[in-house]
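Biologist: I should be grateful for a close look at a single part of this protein, namely its sheet and the loops around the sheet.

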Amino acid sequence: MKNIISVIGAGGKTSLLHKMSDYYLGKKETVLLTTTTHMMLEKDTDISCDIFSIIERLKNDKYCMAGKICDGSNKKIQALPLEILKWIMPYADNILIEADGAKHYSLKYPLESEPVIFEFTTDVYLVLGLWDIGKYCKDVIFRFEDMSFELGTKADEKVTFEHIKQIQKVYEKRLRKLGFKGKMHYIYSKKTDDGIVFLKE
């Protein structure tokens, strides 16, 4: 069965996606990397939205990062048109999707409409950054105002692991509402001198 993995949350989603890509490429499997929201445009990203161009990259290189260039920006990509994605999916063993935006925060509180995952997603990886524990929630949680409104979190509260577990439960609730029935994985991330390290729950 094909892996269709959506990575959500905050605290190193793109870094995790590239680690996943390297893992599957190491197994000689093909990888398509894309998004349902926005990602930074990287070198050699295919922005053609051309089915045959993307398929050719997958056949020749075993890897393709693809998306549509964002309107008004030459530095970010957005989701491929769904009909194009469906055409190229059979040519990739693994489809890896950045399915949430967090503005580079370590933690995020999701809106009712988030995350943005495709109905055919098999696995969701929720990334939760640990490096801002002890700092004020209002400063390090993306969309803190929504968290405060829904959970009553105060502006002068400092992030604890309990806050992180609260965010995790809200994501679970959002995914149930979306009807997601695949596998859920929890990833805690830490910053080190060598980059971001990921720990699976």
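Modeller: The sheet is described first, and then three residues in loops.

This is a predicted model, in which local features need pLDDT of at least 70, side-chain atom pairs count only at pLDDT 80 or more, and totals for chains, interfaces and linings use all residues. Residues are numbered from 1 along each chain as its sequence is written, and side-chain values use heavy atoms, with hydrogens and water left out.

Seven strands form an open sheet with mixed pairing, in the order 4-2-7-1-9-11-12. Strand 4 (63-65) and strand 12 (195-200) are the edge strands, each pairing on one side only. On average, neighbouring strands of this sheet are turned by 25° against each other, direction ignored; axes are lines fitted to C-alpha atoms, for helices over the stretch in contact, and angles run from 0 to 180 degrees between N-to-C directions. Strands (E, at least two residues) and helices (H or I, at least four) are DSSP runs numbered from the N terminus, and two strands pair if DSSP finds at least two bridges between them.

Strand 4 runs parallel to strand 2 (residues 31-35), and three bridges join them. Leu33 has Met65 in strand 4 as its bridge partner.

The loop between helix 1 (13-26) and strand 2 holds Lys28, a residue other than glycine with a positive phi, near 65°. Lys28 counts as exposed because its relative accessibility is 71%; exposed means over 50% relative accessible area, buried under 20%, and partly exposed in between (1.4 Å probe, protein chains only).

Asp44, in the loop between strand 3 (38-40) and helix 2 (51-61), also has a positive phi, near 70°, and is exposed with a relative accessible area of 54%.

Finally, Pro115 lies in the loop between strand 8 (107-108) and strand 9 (123-129), and a cis peptide bond with omega of about 0° joins Glu114 to Pro115.
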